[in-house]
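Work through the exercises below with the model open beside you. Try each task before you read its solution.

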Amino acid sequence: MEKEELKELLQKYYNGTLDKEEEQRIEELLESFDAYNEFLNETMGEEEIREVDETKLIKKAQQRFFFRNTLLVISFILVIVPLLTMFSVVYYGIGGENGKGNEIIQTIATVSEMTTPNVYVDYDTIRDEIYPFTMTVTVDKYQMVYDEKRYVGQDRYKMFLTDVFAKESDYKFNGYSIDNIETRFVHPKSTYSLPDERRKAQSLPNDWPLEINISLDKAYPLKEIHEKFKGYNITWLALETGVEEKMKQEQDFIRTPAIGFPYKKVSPHSVFDRDFNNYGEVVKGLELLNKYEKLATNLTEYKDLKLSERLNWVKKQKELKIYGISIMGTAKDISSLQKMKEVKVIRLGLNDAQWGVDE
Amino acid sequence: MKIKLSHINMFNTLLALFLLLLLNVQILTNLPIFSFGYLFISLLGIIVSLLGINKEDSFYSYLGVSLHSILIISCLVMVLFGIRINYHP
């Protein structure tokens, strides 16, 4: 049926001018339109519902994606620290006994043994903590007062890989600052005049334990030191390393320390463990410090340890020459020492009270 | 696929148990490897793996496995290398 024809028929149906047969035909047609309308309404409704479902689904998927992503990011953030700590432990631990961690600890102990008279690291109480890229080493230090171990205090070194970025001390008044630098020895060939402190001891009680630092009139071989200072409680020996005679100004002494070694056996774990004052041990100690020169320098208050120069000089000499001695003694010992022609300058070191140690 | 996922979940549960055992042992023996805070990472791993079991979703299972594996590997490596630092027999 044509559109125009249908319009005409509908107009006639409205006017009531159609015959019965045509009227029935039109009514059937209109009924089919109702079914079509019903169908249309139903279908449109379903589509609307489907649209609502799709929106919900997309929202749900977005939430799921967000939740997964959040979990992934949280997990990633949480595993960063264990992974970095693991890599740091591998960095410090690889190589076993000769690994970086152990050599750093050994350097810390050796620096103390070779640059500070009669102050040693207690190997049994060394603590190390490793965090991402850093290692903190805490050491207890002690002094030997005759045969007795006296606790001095605690030092804490914080390292970024092998560089010291912080050092704390609970017994040094100003921490690690140049104010703590104390000149104990002067080489006989140096033109620097170090004030003598032997008179200071006269005012002290006779049994008061003192650290007596003696600068000698010349550098003596180790054998002669054993003989000449027999009976004294020697704790540390200042070693001639070729740089001491060039130190002429106060600034030189603030910049570079005297290097020496403990007179007695320190610990089975120390470089100075086996043979008594062995030349090999001193070279071994210097080699270790030279290997970690930057670290060794940063572990002290000084700016330049001149380790490679010193090591080469000692290796050339093939024997140990001593120009300074540290003795644990009393005012009585000072009066007998000052009579010796070998004794050039006497300096008094820090005693128990100055270290803050209770008697 | 379902069998594979269940295997992953079972493996995950075993890893979580092993990790908890490791963490507890090292905390009880006072070994300075992992601090107490690391237990929370392990806890997150367990929650993630439980989600994997509940939702039967491989994403959560794999994430849980990865978390536990990373923690176990780093813990063992730290024991292996860390034990030699400052060790005096």
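**Exercise 1: One residue and its core**

Task: Find which residues A:I325 touches, leaving out those up to four places away in sequence.

Solution. Start at A:I325. Its contacts beyond that sequence window are A:I214, A:I225, A:F229, A:I234 and A:L237. Keep in mind that this is a predicted model. Next, place A:I325 in its wider setting. The largest nonpolar core counts 81 residues. A:I325 is among those with the most contacts inside that core, along with A:I108, A:L237, A:L239, A:L289 and A:I322. Now ask which element gives the most to this core. That is helix α3 of chain B (residues 58-82), with eight residues. As a general point, nonpolar side chains in soluble globular proteins tend to be buried together.

**Exercise 2: Strand β9 and its partners**

Task: Decide whether strand β9 of chain A is mostly covered or mostly open, then find how it pairs.

Solution. Take burial first. β9(A) spans residues 321-329, and eight of its nine residues are buried. The strand is mostly covered. Then look at β6(A), residues 210-221. It pairs with β9(A) in the antiparallel sense, over eight bridges. A:E211 faces A:M328 of β9(A). Then turn to β7(A), residues 234-239. It too is antiparallel to β9(A), with five bridges. Here A:L239 stands opposite A:I322 of β9(A).

**Exercise 3: The two sides of α8**

Task: Work out why the buried residues of helix α8 of chain A line one face.

Solution. List the buried residues in α8(A), residues 307-317: A:L307, A:R310, A:L311 and A:V314. Look down the helix axis: these residues fall within an arc of 100 degrees, so they line one face. The general rule helps: an α-helix has 3.6 residues a turn, so residues three or four places apart point the same way. Now check the face turned away from the buried side. The exposed residues A:S308 and A:K316 are there. What covers the buried residues? The cover includes α6 (279-291) and α7 (293-298) of chain A. Finally, step past the helix end. A:K318 follows α8(A) and has a positive phi, near 65 degrees.

**Exercise 4: Where chain A meets chain B**

Task: Describe the side of chain A that touches chain B.

Solution. Count the residues: 27 of chain A are in contact with 19 of chain B. Then sort by element. α2 (20-93), α3 (100-115) and β2 (127-131) of chain A each supply at least two residues to this side. α2(A) gives the most, with 15 residues. Last, sort by class: this side of chain A has 16 nonpolar, eight polar and three charged residues.

Key
Residues are numbered from 1 along each chain as its sequence is written. Chains are lettered from A and ligands numbered from 1 in the order in which they are written. This is a predicted model: local features need pLDDT of at least 70, side-chain atom pairs count only at pLDDT 80 or more; totals for chains, interfaces and linings use all residues. A residue is buried if 20 or more other C-beta atoms lie within 10 Å of its own, exposed if 12 or fewer, and partly exposed in between; C-beta atoms are placed from the backbone. Helices (H or I, at least four residues) and strands (E, at least two) are DSSP runs, numbered from the N terminus. The arc is that of the directions from the helix axis to the C-beta atoms. Two residues are in contact if their C-beta atoms, placed from the backbone, lie within 7 Å. Two strands pair if DSSP finds at least two bridges between them. Ala, Val, Leu, Ile, Met, Phe, Trp, Tyr, Cys and Pro count as nonpolar, Asp, Glu, Lys and Arg as charged, and the others, Gly among them, as polar. A nonpolar core is a set of buried Ala, Val, Leu, Ile, Met, Phe, Trp, Tyr and Cys residues joined through C-beta atoms within 7 Å.
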